[in-house]
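I opened the notebook to look up the fold, the core and the helix packing of one protein. The entries follow the order in which I checked things.

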Amino acid sequence: MSHAPDHRLDASGLSCPLPLLKAKQALAGMQPGELLEVVATDAGSWRDFESFAAHSRHTLVERTAAAGSYRYWLRKAGKDSEA
């Protein structure tokens, strides 16, 4: 994986919808174009992050799942397309 995130969020152990809510808070404090890496352990986060990316202007660059751990890379939307 060659994604070098600008910010990391460990949402391990948090139940749905907290991983997504924490990610939204993190994105709000970031600059446009920055990359956020989120680690979660809730299987429901897979669906939540997919839906969030589909309905926001932020980009879900990649997501992976392995051994009960889910990783998401979100790119903050630009100033003209703030979500």
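The entries below go from the overall fold to single residues.

**Fold.** I note first that this is a predicted model. I counted the secondary structure and got 2 helices and 4 strands. Reading along the sequence, I wrote down the order β-α-β-α-β-β.

**Overall dimensions.** I looked up the extent of the C-alpha atoms along the principal axes and found a box of roughly 35 × 25 × 20 Å. The radius of gyration is 12 Å, which agrees with the value near 12 Å for a compact globule of 83 residues. I then checked burial: 35% of the 83 residues are buried. For contact range, I took contacts between residues at least 6 apart in sequence; 68% of them join residues at least 24 apart.

**Core.** I looked up the largest nonpolar core and found 14 residues in it. Those with the most contacts inside this core are Ala23, Leu27, Leu36, Val38, Phe49, Tyr72 and Leu74. I asked which elements give two or more residues to this core. They are the strands β1 (7-11), β2 (35-40) and β4 (69-75), together with the helices α1 (18-28) and α2 (44-55). As background, I recall that nonpolar side chains in soluble globular proteins tend to be buried together.

**Phe49.** I picked Phe49 from the core list and looked up what it touches beyond four places in sequence. The partners of Phe49 are Pro19, Leu20, Ala23, Val38, Leu60, Tyr72 and Leu74.

**Helix pair.** I next took α1 and α2, whose axes come within 9 Å and cross at roughly 40°. I therefore entered α1 as oblique to α2. On the α1 side, I listed Pro19, Leu20, Ala23, Lys24 and Leu27. These meet Ser45, Asp48, Phe49 and Phe52 on the α2 side. By class, I sorted the residues of this contact into 6 nonpolar, 1 polar and 2 charged.

**Ala11.** I ended with Ala11, which lies in strand β1. Is Ala11 buried or exposed? I entered Ala11 as buried because its relative accessible area is 0%, and buried means under 20%. Leaving out residues up to four places away in sequence, I found that Ala11 touches Pro19, Val38, Val39, Ala40 and Thr41. I also looked up the pair Ala11 and Tyr70: they are 59 residues apart in sequence, and their C-alpha atoms are 9.7 Å apart in space.

Methods. Residues numbered from 1 in each chain as written. Predicted model: local features only at pLDDT ≥ 70, side-chain atom pairs only at ≥ 80, totals over all residues. Heavy atoms only, no water. Core = buried A, V, L, I, M, F, W, Y, C linked by side-chain atoms within 4.5 Å. Buried < 20%, exposed > 50% of the residue type's maximum accessible area, 1.4 Å probe, protein only. Contact = heavy atoms within 4.5 Å. Axes fitted to C-alpha atoms, helices over the stretch in contact; angles between N-to-C directions. Parallel < 35°, antiparallel > 145°, perpendicular 65-115°, else oblique. Nonpolar A, V, L, I, M, F, W, Y, C, P; charged D, E, K, R; others polar. Rg over C-alpha atoms; globule rule 2.2 N^0.38 Å.
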